[in-house]
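The following paragraphs lead the reader through a structural model, beginning with a metal site and ending with backbone geometry. Please keep the sequence and the coordinates in view while reading.

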Amino acid sequence: MKKEKGFIFDLDGVIVDTAKFHFLAWKKAAAEFDFELTHTQNEQLKGVSRVDSLKKILKWANAEVSQEKFNELAANKNADYLTYVDKMTEADILPGVKEILTEIKAAGYPISLGSASKNAPRILDKVGLTPFFDALVDGNSVSKAKPDPEVFLIAAEKMHVQPHNCIVFEDAEAGIEAANKAKMISIGLGNPENLKEADYNFSSFNEITFNFLKQLQPK
Ligand code: BG6
Ligand code: MG
C-alpha cells in the first residue's frame, strides 16, 4: 500500500446527506420545549456533536433543563434519527462518492473516515461503504470535537501517513478549520460561502477528478 498520501472523508454531508434526518429529529426534540428549529439554525449544527447541538438548541430556545432531561432529549433524538438511518440504502450515497472511493482504493492509497458522529459505523454499513475504509475515526474515538484537529490526526496515524500528506473532504466550517489546524489539505464540499477557509472548493464529488487529487502537493 502506498503511504505518500492518505484520504480522510467526513461522513454527514460528504458521503451521505443526513442533515435532513438530523433536522427532523432535532425539530421533534425541540418541540418538547416549545421551540421551532429553523433550517438556518440546522445549518449551524453541521459538524457539531450531539451534545453540543442540544446545548445550542437550548440556548436558542432560552430553555433550561435538568441533566436528566438533557440526557433523555439527546437519547430520544438519536432513537428518532436512527429510524431514518435504518431505512438508508446505497441510493443515499451522494453523487460521485462511490466512484472516487473506488479510484482512490484501486490506486492503493489508504482511506479513513473522520466524523463527529457516533452512528458512523452503522451508517457506512447501511449504505454498503465499510469495505472501502482502512480506518474509522468517529465520535466514539475522540475526546475533542471539531474544530479541534484530533479526529483527523488520529486518522492520519491510523493510516500511517504524515498529516501534511493527508487530504480531507469536509462540508462543515468546523471541519475545514480542524483540517487546516492539522496542516492537512482541506477540500470543502457544498456552499463555498460557508467554507471560505478551505484550500479548494467543489459543489460535489462529480466535479473532482482522481487526477486532480493525485497531483495535490502538501501546502
Ligand atoms: C456530524 C453531523 O457529522 O455528527 C452533526 O454533522 C451531528 O449534525 C454529529 O450532530 C453527531 O452525530 P451523531 O450521529 O453522533 O448524533
Ligand atoms: Mg459533515
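**The magnesium site**

Along the chain, the donors of the magnesium ion (ligand 2) follow the spacing D-x1-D-x158-D. The model is predicted, and in it the protein donors of this ion are Asp10 (OD), Asp12 (O) and Asp171 (OD), which lie 2.0 to 2.1 Å from the metal. Asp10 and Asp12 are both buried.

**Ligand 1**

Asp12 also belongs to the surroundings of ligand 1: 14 residues surround this ligand, and the closest are Asp12, Val48, Ser117, Lys118 and Asn119. Which backbone atoms approach the oxygen atoms of ligand 1? A backbone N or O atom of Gly47 lies 2.8 Å from an oxygen atom of ligand 1, and a backbone N or O atom of Val48 lies 2.7 Å from an oxygen atom of the ligand. For Lys118, a polar backbone atom is 2.6 Å from an oxygen atom of ligand 1. The protein covers 96% of the 390 Å² of accessible area that ligand 1 has on its own.

Asp12 leads in turn to Thr18, a residue of the loop between β1 and α1. When neighbours within four places in sequence are left aside, Thr18 is in contact with Asp12, Gly13, Tyr81, Met88 and Ile123. Thr18 has a relative accessible area of 0% and is therefore buried.

**Helix α4 and its cover**

One of the contacts of Thr18, Tyr81, is among the buried residues of α4. This helix comprises residues 67-85, 19 residues in number, and reaches 27 Å from its first C-alpha to its last, close to the 27 Å expected at 1.5 Å a residue. Its buried residues are Phe70, Leu73, Ala74, Lys77, Asn78, Asp80, Tyr81, Leu82 and Val85. An α-helix has 3.6 residues a turn, so residues three or four places apart point the same way. Phe70, Leu73 and Lys77 are among the buried residues of α4. What covers the buried residues of this helix includes α1 (19-31), α3 (50-61) and α6 (120-127).

Two further residues of α4 may be compared. Leu82 lies in this helix and has a relative accessible area of 12%, so Leu82 counts as buried. Beyond residues up to four places away in sequence, Leu82 touches Asn119 and Arg122; Asn119 is one of the closest residues to ligand 1. Leu82 and Ile111 are 29 residues apart in sequence, with 25 Å between their C-alpha atoms.

Tyr84 is also found in helix α4. Its relative accessibility is 23%, which means that Tyr84 is partly exposed. Its contacts, neighbours within four places in sequence being left aside, are Phe21 and Leu24. Tyr84 and Phe21 are 63 residues apart along the chain, yet their C-alpha atoms are separated by 6.4 Å.

**Helix α7 and the loops around it**

Attention now passes to another helix. In α7 (residues 150-159), the buried residues are Glu150, Val151, Phe152, Ala155, Ala156 and Met159. Their cover includes the strands β1 (6-9), β2 (111-114), β3 (135-137) and β4 (166-170), as well as helix α8 (173-181). His160 follows α7 and has a positive phi, near 60°.

Ala182 lies in the loop between α8 and β5 (185-189). With a relative accessible area of 5%, Ala182 is buried. Residues up to four places away in sequence not being counted, Ala182 touches Pro149, Leu153 and Pro163. The C-alpha atoms of Ala182 and Lys55, 127 residues apart along the chain, are separated by 26 Å.

**Backbone geometry**

Most residues other than glycine have a negative phi, and most peptide bonds are trans. Where does this model depart from that pattern? The peptide bond from Lys146 to Pro147 is cis, with omega near 15°, and Pro147 lies in the loop between β3 and α7.

Asp34, in the loop between α1 and α2 (39-43), has a positive phi near 55°. Its relative accessible area is 73%, so Asp34 is exposed. Lys183 is not a glycine either and has a positive phi of about 65°; this residue is found in the loop between α8 and β5. Lys183 counts as exposed because its relative accessibility is 57%, whereas Ala182 is buried.

Terms used:
Residues are numbered from 1 along each chain as its sequence is written. Chains are lettered from A and ligands numbered from 1 in the order in which they are written. This is a predicted model: local features need pLDDT of at least 70, side-chain atom pairs count only at pLDDT 80 or more; totals for chains, interfaces and linings use all residues. Side-chain values use heavy atoms; hydrogens and water are left out. Helices (H or I, at least four residues) and strands (E, at least two) are DSSP runs, numbered from the N terminus. The expected span of a helix is 1.5 Å times one less than its number of residues. Buried means under 20% relative accessible area, exposed over 50%, partly exposed in between (1.4 Å probe, protein chains only). Contact means heavy atoms within 4.5 Å. A residue is near a molecule or strand if one of its heavy atoms lies within 4 Å of it. A polar contact is a pair of N or O atoms within 3.5 Å; within protein, one must be able to donate a hydrogen and the other to accept it, and residues adjacent in sequence count only if both atoms are side-chain atoms. Accessible areas come from the Shrake-Rupley method with a 1.4 Å probe; for residues, only the protein chains shown count as cover. Donors are N, O and S atoms within 2.8 Å of the metal (3.2 Å for Na, K and Ca); water is not among the atoms, so sites may look incomplete.
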